[in-house]
Amino acid sequence: EEINPTTIQRIIQEIRENYAENITLTDLSKKYGISISHLSSLLKTELKLSFTEYIASRRIQKAKELLGDDKLSIEEIAEKVGYADPNYFSYAFKKQYSMSPSKYRTANSQG
């Protein structure tokens with residue numbers, strides 16, 4: 001199953017833009033007419049991470065930026081980056097940075 005490199009770049013761009021939505025490998029596979037397993041391995045090759053790892057990584061990166069804004073609560077940030085459950089967001093954040101979002105915010109505040 002030969003896939004045009006432009007198509008792969010379009011899929012990656014779509015993932016980058018829609019990481020906060022409920023985007024799935026199944027949806028992308030149907031949309032672009034590529035089998036799930038093939039799409040999964042193509043993305044892993046391109047992104048050096050699995051689809052799920054990449055989405056989680058994008059969400060946490062964006063959350064790190066948003067934590068700089070004291071006006072946003074942890075719950076609001078979780079929702080903005082695509083986590084419906086703030087507790088799961090905290091768990092995912094802690095897994096990647098070994099500290100909770102609130103600790104990260106405190107440690108990196110400009111005050």
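E14 is buried, with a relative accessible area of 17%; buried means under 20% relative accessible area, exposed over 50% and partly exposed in between, with a 1.4 Å probe and protein chains only. The model is predicted: local features need pLDDT of at least 70, side-chain atom pairs count only at pLDDT 80 or more, and totals for chains, interfaces and linings use all residues. Residues are numbered from 1 along each chain as its sequence is written, and side-chain values use heavy atoms, without hydrogens and water. The two main topics below are salt bridges and aromatic contacts.

**Salt bridges**

- The whole structure holds four salt bridges, each defined as a side-chain nitrogen of Lys or Arg within 4 Å of a carboxyl oxygen of Asp or Glu.
- One of them joins E14 to K31, with the closest N and O atoms 3.0 Å apart.
- E14 sits in helix α1 (residues 5-18) and K31 in helix α2 (residues 25-32), so this bridge ties together parts that are 17 residues apart in sequence.
- Helices here are DSSP runs of H or I with at least four residues, strands are runs of E with at least two, and both are numbered from the N terminus.
- The two partners differ in exposure: E14 is buried at 17%, whereas K31 is exposed at 54% relative accessibility.
- E65 and K62 form another salt bridge, at 3.3 Å from N to O.
- Both residues lie in helix α4 (residues 51-66), three residues apart, which means a separation of about one helical turn.
- E65 is exposed, with a relative accessible area of 55%, while K62 is partly exposed at 29%.
- D69 bridges to K71, and here the closest N and O atoms are 3.9 Å apart.
- D69 is partly exposed at 28% relative accessibility, and K71 is exposed at 75%.

**Aromatic pairs and cluster**

- A pair of aromatic rings is described by the distance of the centres and the angle of the planes.
- Rings of Phe, Tyr and Trp (its six-membered ring) pair if their centres lie within 6.5 Å; planes under 30 degrees apart count as stacked, over 60 as edge-to-face and the rest as tilted.
- The count by this rule is seven aromatic pairs.
- Among them is the tilted pair of Y83 and F89, with 5.6 Å between centres and 50 degrees between planes.
- Both rings belong to buried residues: Y83 has a relative accessible area of 7%, and F89 has 0%.
- Y97 and Y104 make a tilted pair too, at 6.1 Å centre to centre and 45 degrees between the planes.
- In this pair, Y97 is partly exposed at 23%, but Y104 is buried at 15%.
- One aromatic cluster takes in Y83, Y88, F89, Y91, F93, Y97 and Y104.

**Charge over a ring**

- R59 lies over the face of Y83, at 5.3 Å from the ring centre.
- The criterion is NZ of Lys or CZ of Arg within 6 Å of the ring centre and within 35 degrees of the ring normal.
- Y83 therefore combines this contact with R59 and the tilted pairing with F89, as a buried residue.

**K30**

- K30 lies in helix α2 and is exposed, at 65% relative accessibility.
- K30 and S90 are 60 residues apart in sequence, and their C-alpha atoms are 32 Å apart in space.
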